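I opened this model to look up its cysteines and one helix packing. My entries follow below.

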Amino acid sequence: MAKQESGVRVANVHHVFSEGAFLLPYLLMLLVLGIPLLCMELTIGQYTRRGPVHALAHVCPLLKGVGIASVAISFIMCTYYNVVIAWALYYMFSSFQAPLPWQSCNNTWNTANCTDHATNNSYSSTASQEFFKYKMLQQTRGVEDAGSVRWEIFLILVLAWLLIYFCIFKGVRSTGKVVYLTALLPYVILIALLINNVRLPGALQGILFFIVPDWEKLLSVEVWVNAAAQIFNSIGIGFGFLMSMASYNSFNNSILKDTLTISIVNSLTSILAGFVIFSAFGYMSHLQDVPVAHLAVDGPGLVYIVYPQAFVNMPVPQLWAVLFFFMLLCLGLDSQFAMVEVMVTSLTDQCDQQLMRFFKKKELFVLAVCVVACLLGIPCVMQVGIYVFQLMDHYTAIVSIMFLAFFEVLAICWLYGVGRLSDNLEEMTGKRANIFFRLCWQIVAPFLITVILIFSIIQFKPARYEGYVFPPWAQGVGWVVAMGSIIWIPLASVHTLWVLPGSFVQKLKLSIRPYSLSETSKMAYYERGGGDRYPVVSVISASIRPQDKAPNQGN
């Protein structure tokens, strides 16, 4: 299980450590929010032996839509997230050239404002900026101008999806074998890059900028909200793949061990990446006489614009560039494996027999999922692609995930209850959750997520890319994308209340009782004359406590 989740979200590495004020809030939010909620999701996934859709339907039928929403958000993200992997492949292939194509301004795509190094002049742009914008992306001036398909990037996107498919088509066990390489090799590369960087002049200043807190910024609520949001994105809280992967564990697997391993490995990877990046920034600051704060930018520019500039002045720049972008590829593949696996697991949980009748083999079904996701990613490899990517990332990874996290914590921590959650943990591992986890589940996590959600709504900022603000119609499209996942929560709640028997009050009471949907389906089957042939909905149906059974069923 730990191997499956050790990858860091490449698209969000820039967001965690774009300033020194972020490290302390990030670590505190990891302790009181990330680790407890990670343990919560692993417990539910391992106990129910199901993906997020069926797991949430079992523990809290009223909010079963949270499971559907998590599958939807993972699928939406995997359609555009693989573009980040395609960019990494493009840069890796380009890094075999000598000199590096972003090393100078003497190229056909460069403009008159191009400069070989960073300056404080807002009208100039660096060679690496122009390579990213005008060579790779060939981006238009805004979302209004779609441009044409960047066929080079599209073919690399197809290659990226082929890599994903051949790594996961045999199922989660074969994926685990691949992750041995994609999860462990980046550490070798990161350590090699760090050893190289710390020997460069000015590296210490960049590292100090990274680790020394800016106490004034720590007073800003926005910094703490962003730190909490990053915990969800980097660990994967609310995206469904933690439950999906945990559902494959043995019933008595040590959940605490997995929780600590995943959270520690994930955070150490992020912090190690921070040291690597900011040591290079310190070196660039020394060479160009520009403050480190002016080099640390937000957005994809951190890994695709600013850091490639540092390679230019290093010995054997091609070697370090290839290693760096191969590392991004490995980290990106880890996250993509998990997001695709959520869709595959959830659909096979729901309608395995129907899918096998149509596709004959699971490998063909996985191929169909990858092909559909690849086709949906085409807008991101057009010349307007960077705007599409930024719009979808803003409304999916920031807006949608906060709503999902809120309703998931409400469903599991309060409606299902900390007592039942602790009972599940004890049944599997022989030990109940300690006071720290119970306190975080009952009070700290619900309070923090509620504050974050309220603050996010009050302080909501429309999507933008650099200085470009998306027009109102594009923001509307963004909200449609966000609702593509959120809408399942109220729709599924209405469906639950519709299918449960009794008056509205009785329906409401049943809807917050675990396994009530399974029991209702079973009773309906018996009424239709199904007899003893009724298929068991869950492998744990027999272990439901008497107080959780329907009143008219025997113990």
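**Cysteines**

I looked for disulfides first, and one joins C105 to C114, with S to S at 2.0 Å. The rule I used takes a pair of cysteine sulfur atoms within 2.5 Å as a disulfide. By that rule the count comes to one disulfide. The torsion about the S-S bond of C105 and C114 is about -75 degrees, so this disulfide is left-handed.

I note that the model is predicted: local features need pLDDT of at least 70, side-chain atom pairs count only at pLDDT 80 or more, and totals for chains, interfaces and linings use all residues. Residues are numbered from 1 along each chain as its sequence is written, and side-chain values use heavy atoms, with hydrogens and water left out.

Why is C78 not bonded to C370? The C370 sulfur is the closest cysteine sulfur to that of C78, but at 8.1 Å it is too far for a bond. I also checked burial (buried is under 20% relative accessible area, exposed over 50%, partly exposed in between; 1.4 Å probe, protein chains only). C78 is buried at 2%, and C114 is buried at 15%.

**Helix packing**

I then looked at helix 4 (residues 65-94) and helix 6 (residues 151-168), which pack at about 110 degrees with their axes 8 Å apart. The two are therefore roughly perpendicular, a label for angles of 65 to 115 degrees. In the contact (heavy atoms within 4.5 Å), helix 4 contributes residues including C78, W87 and F93, and helix 6 residues including I156 and W161.

Key. Axes fitted to C-alpha atoms, helices over the stretch in contact; angles between N-to-C directions. Helix = DSSP H or I, 4+ residues; strand = E, 2+ residues; numbered from the N terminus. Parallel < 35°, antiparallel > 145°, perpendicular 65-115°, else oblique.
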